[in-house]
Amino acid sequence: MFEASLLFYFLLPFLFIFFKLLLTNSDENSQPKSYPLIGNYLSIYANSHRLTQWTSDAIHNSPSFTFVVRRPFGQKRVLTGNPANVQHILKTKFSTYQKGDIFRSTLFDLLGDGIFNVDGDEWKFQRQLSSHEFNTKSLRHFVEHVVDDELNKRLIPILTTAAANDTVLDLQDILQRFALDNICRIAFGYDPAYLTPSLPKAKFAVAFEDAVRISSERFRTITPLFWKFKRFLNIGSEKRLKEAVAEIRRFTTKILNEKKQELTTEPVDLLSRFLNSGHLDENLVTDIVISFILAGRDTTSAALTWFFWLLYKNPAIENEVVKEVKEKSDSPIYDEVKDMVYTHASLCESMRLYPPVPVDSKLANADDVLPDGTVVKKGMMVSYHPYAMGRMESIWGENWTEFQPERWLEKDDTAEKMKFRARDPYVYPVFQAGPRICLGKDMAFLQMKRVVAGVLRQFMVVPAVDDGGEPVFVAALTSKMKGGYPVKIKERKDD
């Protein structure tokens, strides 16, 4: 007992210094301080609950909009919001900045050799085969049959019941269910029926949430040896990850087996196209399925969750969206959503502030120098930061804090109406840019606009509790609203 007390009093000054440094490093208006051996670890630890916002602050406080994070034991990682650097990474020196071994090994248990976790010829092969499913014919079928069916037969009835009974729904959960059904139906020809009135707590969905969260947390450990040691011992979060991945693979294997039984020579969806290629084993096809579920389920649902919250906070903009929706109500479904210019601009503006993928990373496979002069050594992680870039005054002006769809519009003199004004993808890399630009970008916009039109034509989405504050933005591999988005659904009254 005496020895323990003596040790406590011996360590007390060091604990005092540690917490003092912790508080000193939490100032968002200054650059994080670096110390020998531990680098910026004190700041990283102090901001572990808001790493996306902390790294965004660090980028904004840098004259070049680039910040080098110094991790313990001499590890360095470049974070940038400089558009010239982003173009350099994603296009000019594309072959130099790849997923790399760190990213690949960290996510391999979940993503395996799926398209988001490979480089080179493997990536080219998967992307080339996938690209055939994103033509105009496929997009029209997706909107007019899959999305519209899910909307009218599942989502709208659930919202109607909630409005009639004045019940609270977690809109984030509802939208994730909607997106999961959609991606499974269009990509794999399989309907998991996750969005049904009983809102079943499917094992797969829980497992997927856990696997994405734990896989993302691996990047935050001081050294990969920690999570690798836990995996070797099969303890803690690594034990749960192993269980979750096993559940995910049972789900995807079920999809795969059903597809094999009905396979024809003519591909009818993404999965049958891969199976018909004849070059893939079952494990690789499973990896591909998991990658597309991640892309289709989490990104559009995250974007829509924040979009509906922003509309509630900005009723004038909601009125403009509703006006456009009603103007298009007599148009064919595909043409209706394709031509919703103001809604498209509003969605872009929402994702500027709350991007579904707030940070994306590459690994340098050779020494390099970024356009702003930042030196990159072989083996360094280099990340571009859409969240920080969407909040930069130098890009968006003094009113960057405002939700303003008009910044995406310009007058079309020939048609005497407003038209959409796209931004440079290296200024707005929400869908990546360069050779790896998101294949599903058009599909995502069509799905989101169809949901917006279907919901807002009939309902108003109101937070169950409005305390005047902003929901907490959290990020794993994709972003979410912490704790979900509890809402009440109100019938929209005709003006």
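1. K362 and D360 are both buried. Their side chains form a salt bridge, with an N to O distance of 3.6 Å. As with everything below, this comes from a predicted model.

2. A second buried pair is K259 with D269. Their closest N and O atoms lie 2.6 Å apart, in a salt bridge. K259 sits in helix α11 (residues 236-261), while D269 belongs to the loop between α11 and α12 (270-276); the two are 10 residues apart. The relative accessibility of K259 is 4%, and D269 has a relative accessible area of 3%. Both residues count as buried because the cut-off is under 20% relative accessible area.

3. D166 and K490 also meet through their side chains in a salt bridge, at 3.3 Å from N to O. This pair links distant parts of the chain, with the two positions 324 residues apart: D166 is in the loop between α7 (136-165) and β4 (168-170), and K490 is in strand β14 (residues 486-491). D166 is partly exposed, at 39% relative accessible area. K490 is likewise partly exposed, its value being 31%.

4. One network of salt bridges should be viewed as a group. It links D149, E150, K153, R154, D181, R185 and D191. Side chains of opposite charge can pair when their charged atoms come close.

5. For the whole structure, the count of salt bridges is 39. Among them are the K362 and D360 pair, the K259 and D269 pair, and the D166 and K490 pair.

Terms used: Residues are numbered from 1 along each chain as its sequence is written. This is a predicted model: local features need pLDDT of at least 70, side-chain atom pairs count only at pLDDT 80 or more; totals for chains, interfaces and linings use all residues. Side-chain values use heavy atoms; hydrogens and water are left out. A salt bridge is a side-chain nitrogen of Lys or Arg within 4 Å of a carboxyl oxygen of Asp or Glu. Helices (H or I, at least four residues) and strands (E, at least two) are DSSP runs, numbered from the N terminus. Buried means under 20% relative accessible area, exposed over 50%, partly exposed in between (1.4 Å probe, protein chains only).
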